[in-house]
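Grab the model and work through these exercises with me. Try each one yourself before you read the solution.

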Amino acid sequence: MNMPHITLPDGEKVPAYGQGTWHMGESRGKRADEVAALKLGIELGITLIDTAEMYGSGIAEEIAAEAAHGRRDELFIVSKVLPYNASRNGTIEACERSLKRLKTDRIDLYLLHWTGSHPFAETLAGFEQLKQQGKIRHHGVSNFDRGDMEKWYALAGGKTVASNQILYNLTRRGPEWEVIPWCRERNISIMAYSPIEQGRMLGHKALAEVGARHGATPAQVALAWLLRQDGMIVIPKASRQEHVRENLGALDLKLTAADLADLDRAFPAPKGRTSLGML
Ligand SMILES: NC(=O)c1ccc[n+]([C@@H]2O[C@H](COP(=O)([O-])OP(=O)(O)OC[C@H]3O[C@@H](n4cnc5c(N)ncnc54)[C@H](OP(=O)(O)O)[C@@H]3O)[C@@H](O)[C@H]2O)c1
């Protein structure tokens, strides 16, 4: 497998494809399948896992730890602090709880999940302290539009933001107007979440037509469309092993100019500013 990478502002290379974990840990009966799916992904070479203290009220982090057992050093783990915990001390305490659940001594990329009432400077101060203590390696944000990014970036130390995780897929192209170019100009990576729109987009005719030319599935087309973009990390979630294998096939799919033109017709690029979507 040829895993693509993106480069963080400090030069570190990070896989451009990872496994999401939202909704994992919500049902006891599904836990074994969720662990098995993540584990399969790791065995197949997917070394980035995206999780959050919110997911399954912390249980998704425990599931990630179980799947990662014995292989922590190969992995790049992303987690997130909830906005209502994101005061300076609250951020530090939330991270320490996540570290315990993740059974690790460090989170590779720690994000503010979305904007809340705590001033950004407080959250950033928490991130900086965690970094000094070696408890996180990089920090970033999520669900930030351009205005939020500008405010964060203007803070003392704000330019160290490594990533902005946002809702972005073929049916949600609004971020192409403003926030993606803004981040790209500053070498801030984008993590595209809900990259297959939680499955809702997969019945679209254009995805089937483009896929048929390559013997690829609609999900593979949707993921390949994202993966071809610079500085883009794509984090589909799959708790079924057949989905893990299918989605990974997107790495072998190279869309042609004709494919891209057809996808543009079916899923038009934005013609103006729209507010950032959130799921
Ligand atoms: N920062 C944020 O605010 C935020 C918000 C949303 C998501 N995220 C992150 O991004 C990750 C991905 O987003 P998401 O989970 O919302 O949605 P997604 O990855 O677009 O879709 C996941 C859903 O699609 C199904 N699926 C996966 N592969 C499939 C395939 N090949 N064919 C048919 N169905 C398939 C999964 O089913 P099975 O599980 O049954 O396999 C699951 O129900 C999350 O898990 C989370 O880590 C972050």
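**Exercise 1.** Find out which pocket the ligand takes up in this predicted model, and how much of the ligand the protein covers.

*Solution.* Start with the pocket: the ligand takes up the space of the largest one. Next, look at a polar contact, where an oxygen atom of the ligand is 2.9 Å from an N or O atom in the side chain of arginine 240. Now for the cover: on its own the ligand has 900 Å² of accessible area, and the protein covers 90% of that.

**Exercise 2.** Work out who surrounds the ligand, by residue, by class and by element.

*Solution.* Step one is to list the neighbours, taking a residue as near if one of its heavy atoms lies within 4 Å. There are 29 residues around the ligand, and Asp50, Ser142, Ser194, Ser239 and His243 come nearest. Step two is to sort the shell by class, which gives eleven nonpolar, twelve polar and six charged residues. Step three is to see which element gives the most: that's H9, with three residues.

**Exercise 3.** Which side chains have polar atoms close to a nitrogen atom of the ligand, if we use a cut-off of 3.5 Å?

*Solution.* Asparagine 247 is one of them, with a polar side-chain atom 2.8 Å from a ligand nitrogen. Tyrosine 55 is another: an N or O atom of its side chain is 3.4 Å from a nitrogen atom of the ligand, which is still within the 3.5 Å limit.

**Exercise 4.** How many cavities of 30 Å³ or more are there, and what lines the largest cavity?

*Solution.* First, the count: two cavities reach that size. The largest cavity holds about 90 Å³ of space. Its lining includes Asp145, Arg146, Trp177, Glu178 and Arg273. Sort the whole lining by class and you get four nonpolar, three polar and four charged residues.

**Exercise 5.** Now do the second largest cavity: give its volume, its lining and the elements that supply at least two lining residues.

*Solution.* The volume comes to about 70 Å³. Among the lining residues are Tyr17, Gln19, Leu38, Ile46, Lys237 and Asn247. By class, the lining has six nonpolar, four polar and one charged. On to the elements: strand S3 (18–19) and helix H9 (241–248) each supply at least two lining residues. As a last step, link back to the ligand: Asn247 lines this cavity, and asparagine 247 also has the polar side-chain atom 2.8 Å from a ligand nitrogen.

Notes: Residues numbered from 1 in each chain as written. Predicted model: local features only at pLDDT ≥ 70, side-chain atom pairs only at ≥ 80, totals over all residues. Heavy atoms only, no water. 1 Å grid on protein atoms, 1.4 Å probe; cavity = no way out; pocket = protein on both sides within 12 Å on 5 of 7 lines; lining within 4 Å. Points joined across faces, edges and corners; volume = space filled by probe spheres on them. Nonpolar A, V, L, I, M, F, W, Y, C, P; charged D, E, K, R; others polar. Helix = DSSP H or I, 4+ residues; strand = E, 2+ residues; numbered from the N terminus. Polar contact = N/O pair within 3.5 Å; in protein donor to acceptor, adjacent residues only side chain to side chain. Areas by Shrake-Rupley, 256 points an atom, 1.4 Å probe, with all protein chains shown as cover. Sits in = over half its atoms within 2 Å of the grid points.
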